[in-house]
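Please look over the sequence and the three-dimensional picture below before reading on. The report that follows moves from the overall fold to its sheets and then to a few single residues.

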Amino acid sequence: MGPVHGKRLKSYIKRQGYRIHPLPVTSVEKNLWRIDTPAAPVFLKVQAKKVLTWTLYSPDGELAQGTMDKPYVRFEPQAFLSPNGKLLLMSMQVNTGWYEDAIVQTARLEAP
């Protein structure tokens with residue numbers, strides 16, 4: 001998506017209909033974050049395998065996943081709730097050390 005920061009990120013979130021105040025995100029351990037939603041916590045895990053992968057999951061199961069095409073070394077996740085509380089918009093600021101990008105993904109807060 002390219003760099004999405006500050007005003008540009010807030011503008012994008014507003015256009016998508018999400019609340020502009022981020023949910024609390026806490027680092028649990030290296031490459032694992034807890035996102036506190038009103039219903040239950042959701043977790044984001046980033047793993048280095050053959051490629052970098054990320055998984056968003058709840059205690060009920062996987063909500064979304066993806067791969068990253070660059071060797072990112074820094075991840076800064078933010079999460080935003082939809083007005084009805086059923087969707088989560090994840091924004092991950094990622095950095096290779098010389099290039100910064102953003103990954104934006106939506107997910108239903110209930111596992112399929």
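Helices (H or I, at least four residues) and strands (E, at least two residues) are DSSP runs, numbered from the N terminus. This is a predicted model, in which local features need pLDDT of at least 70 and side-chain atom pairs count only at pLDDT 80 or more, while totals for chains, interfaces and linings use all residues. Residues are numbered from 1 along each chain as its sequence is written, and side-chain values use heavy atoms, with hydrogens and water left out.

**The chain as a whole**

The protein chain contains 1 helix and 8 strands, and, read from the N terminus, its elements follow the order α-β-β-β-β-β-β-β-β. A box of roughly 35 × 30 × 20 Å, taken along the principal axes, is filled by the C-alpha atoms of the protein chain. The radius of gyration, taken over C-alpha atoms, can be set against a globule rule of 2.2 Å times the number of residues to the power 0.38. For 112 residues a compact globule would have a radius of gyration near 13 Å, and the protein chain agrees with this because its own value is 13 Å.

A residue is called buried under 20% relative accessible area, exposed over 50%, and partly exposed in between (1.4 Å probe, protein chains only). By that definition, buried residues make up 41% of the 112 residues in the protein chain. Contact means heavy atoms within 4.5 Å, and of the contacts in the protein chain with a separation of 6 or more, 39% come from residues 24 or more positions apart.

**Two open sheets**

Two strands pair if DSSP finds at least two bridges between them. One open sheet has 5 strands in the order β1-β2-β3-β4-β5, with antiparallel pairing; its edge strands, each pairing on one side only, are β1 (25–29) and β5. Another open sheet has 3 strands in the order β6-β7-β8, again with antiparallel pairing, and here the edge strands are β6 (74–81) and β8 (100–108), each of which pairs on one side only. The table lists three of the antiparallel pairs.

| Strand pair | Bridges |
|---|---|
| β2 (residues 32–36) and β3 (residues 41–48) | 5 bridges |
| β4 (residues 52–58) and β5 | 7 bridges |
| β7 (residues 87–95) and β8 | 9 bridges |

In the pair of β7 and β8, A102 in β8 is the bridge partner of Q93. The strands β4 and β5 form a hairpin with 2 residues between them.

**Residue Q65**

Q65 lies in strand β5 (residues 61–68), where T55 stands opposite Q65. Leaving aside residues up to four places away in sequence, Q65 touches W54 and T55. Is Q65 buried or exposed? Q65 counts as exposed, because its relative accessibility is 53%. Although Q65 and A107 are 42 residues apart in sequence, they are 9.4 Å apart in space, taken from C-alpha to C-alpha.

**The salt bridge**

A salt bridge is a side-chain nitrogen of Lys or Arg within 4 Å of a carboxyl oxygen of Asp or Glu. How many salt bridges does the structure hold? The structure holds 1 salt bridge, formed by D36 with R34, whose closest N and O atoms are 2.8 Å apart. D36 counts as partly exposed because its relative accessibility is 27%, and R34 is also partly exposed, with a relative accessible area of 27%. D36 has, in addition, P41 in β3 as its bridge partner.
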